[in-house]
Amino acid sequence: MRGGRRLFPLLLLALLPGLCHGRESAPGAVTCGSVLKLLNTRHSVRLHSHEVKYGSGSGQQSVTGVEASDDANSYWRIRGKSDSSCQRGTPVKCGQAIRLTHVNTGKNLHTHHFPSPLSNNQEVSAFGDDGEGDDLDFWIVQCSGSYWEREDAVRFKHVGTEVFLSITGEQYGHPIRGQREVHGMPAANHHNYWKAMEGVFIKPSLDPAKHDEL
């Protein structure tokens, strides 16, 4: 049965698009409640977090970029500023404020006025408990159309400090050797484009009982 266990997530991903639909859904859009990995298109690393705290700055849980595509610590859940502002399965609009909640630790993508440890840009951390942090967890999705499309590269601009979620290539040593620093930068440039990659994308269903769990 071990082979069957491996196949189950693949079957789930294959079946979801056929099982779910809705009038408000934009084809190929990233939707509220979806769980996904985000790839920095310039440096080809995925947004990542883990139970390793910064040794400087805020001392909060660190956020990094990793090359591996199969690391379970790279999954993030798409949520609104409040649950009612981003109902499960609705497409995320360009210009909408969202939270990105790290699935394995329940902390939100966060930034604040601390220097990042390697580049001296603005530190990006994971903050809060069980998905609840503060108003420095909000990011605006910047994209060119009406909705955040899966195939498009987008930017995330921090609501509170107006920096862009970025990677410029600096690498950590022990204990997270080779992982890249993630930080906030004040200017929009090629270092702060991100693309939706692997994940489960939720859409509205005719049967509200379906897909209550991932």
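# Reading a predicted fold, starting from Glu132

Q: I've clicked on Glu132. What is its relative accessible area, and how do I read that?

A: Glu132 has a relative accessible area of 47%, so it is partly exposed. The reading depends on two cut-offs: buried means under 20%, exposed over 50%, and partly exposed is in between. Keep in mind that this is a predicted model.

Q: Which salt bridge does Glu132 form with Arg99, and what is the N to O distance?

A: Start with the general idea: side chains of opposite charge can pair when their charged atoms come close. In this case, Arg99 and Glu132 form a salt bridge, with their closest N and O atoms 3.5 Å apart. The two sit in distant parts of the chain, 33 residues apart: Arg99 is in strand β5, while Glu132 is in the loop between β7 (122–127) and β8. Arg99 is buried, with a relative accessible area of 5%, whereas Glu132 is partly exposed.

Q: How many salt bridges are there in the whole structure?

A: A search of the whole structure turns up five. One of them pairs Arg180 with Glu67, with 3.0 Å between the closest N and O atoms. That pair links distant parts of the chain, since Arg180 belongs to strand β11 (residues 180–181) and Glu67 to the loop between β3 (61–66) and β4, 113 residues apart.

Q: Arg180 and Glu67: which is buried and which is exposed?

A: Arg180 is buried, at 11% relative accessible area. Glu67 counts as exposed, with 55%.

Q: Where does Lys107 find its partner?

A: At Asp129: the two side chains meet in a salt bridge, 3.5 Å from N to O. Lys107 lies in the loop between β5 and β6 (108–115), and Asp129 in the loop between β7 and β8, so again the pair links distant parts of the chain, 22 residues apart. Asp129 counts as exposed, at 54% relative accessibility. As for sharing, Arg79, Arg99 and Glu132 are joined into one network by salt bridges with partners in common.

Q: On to the cysteines. How many disulfides does the count come to?

A: Look for cysteine sulfur atoms within 2.5 Å of each other. By that rule there are two disulfides. One joins Cys32 to Cys86, with 1.8 Å from S to S. Its torsion about the S-S bond is about -95 degrees, so this disulfide is left-handed. Cys32 lies in the loop between α1 (2–19) and β1 (35–40), and Cys86 in the loop between β4 (76–80) and β5 (97–102), so the pair ties together parts that are 54 residues apart in sequence.

Q: Are Cys32 and Cys86 buried or exposed?

A: Cys32 is buried, with a relative accessible area of 1%. Cys86 is buried too, at 7%.

Q: Which cysteines form the other disulfide, and what is its handedness?

A: Cys94 and Cys143 form it, with their sulfur atoms 1.9 Å apart. The link is left-handed, at -120 degrees about the S-S bond. Here too distant parts of the chain are linked: Cys94 is in the loop between β4 and β5, Cys143 in the loop between β8 (139–142) and β9 (153–158), and they are 49 residues apart. Count the bonded cysteines along the chain and the pattern reads 1-2, 3-4.

Q: How do I look at one residue, say Ser34? Where does it lie?

A: Place it, check its accessibility, then list its neighbours. Ser34 lies in the loop between α1 and β1. Ser34 is buried, with a relative accessible area of 0%. Its side chain makes a polar contact with the side chain of Thr31, at 2.6 Å. Leaving aside neighbours within four places in sequence, Ser34 is in contact with Trp76, Arg77, Ile78, Val200, Phe201 and Ile202.

Q: What does the whole chain look like in terms of secondary structure?

A: Zoom out and read the elements in order. The chain has one helix and 13 strands, and from the N terminus the helix comes ahead of the strands. Of its 214 residues, 46% count as buried.

Q: What share of the contacts comes from residues 24 or more positions apart?

A: Among contacts with a separation of 6 or more, 65% come from such residues. As for the outside, the accessible surface comes to about 10,700 Å², and 50% of it belongs to carbon and sulfur atoms.

Key: Residues numbered from 1 in each chain as written. Predicted model: local features only at pLDDT ≥ 70, side-chain atom pairs only at ≥ 80, totals over all residues. Heavy atoms only, no water. Helix = DSSP H or I, 4+ residues; strand = E, 2+ residues; numbered from the N terminus. Buried < 20%, exposed > 50% of the residue type's maximum accessible area, 1.4 Å probe, protein only. Salt bridge = Lys/Arg side-chain N within 4 Å of Asp/Glu carboxyl O. Polar contact = N/O pair within 3.5 Å; in protein donor to acceptor, adjacent residues only side chain to side chain. Contact = heavy atoms within 4.5 Å. Areas by Shrake-Rupley, 256 points an atom, 1.4 Å probe, with all protein chains shown as cover.
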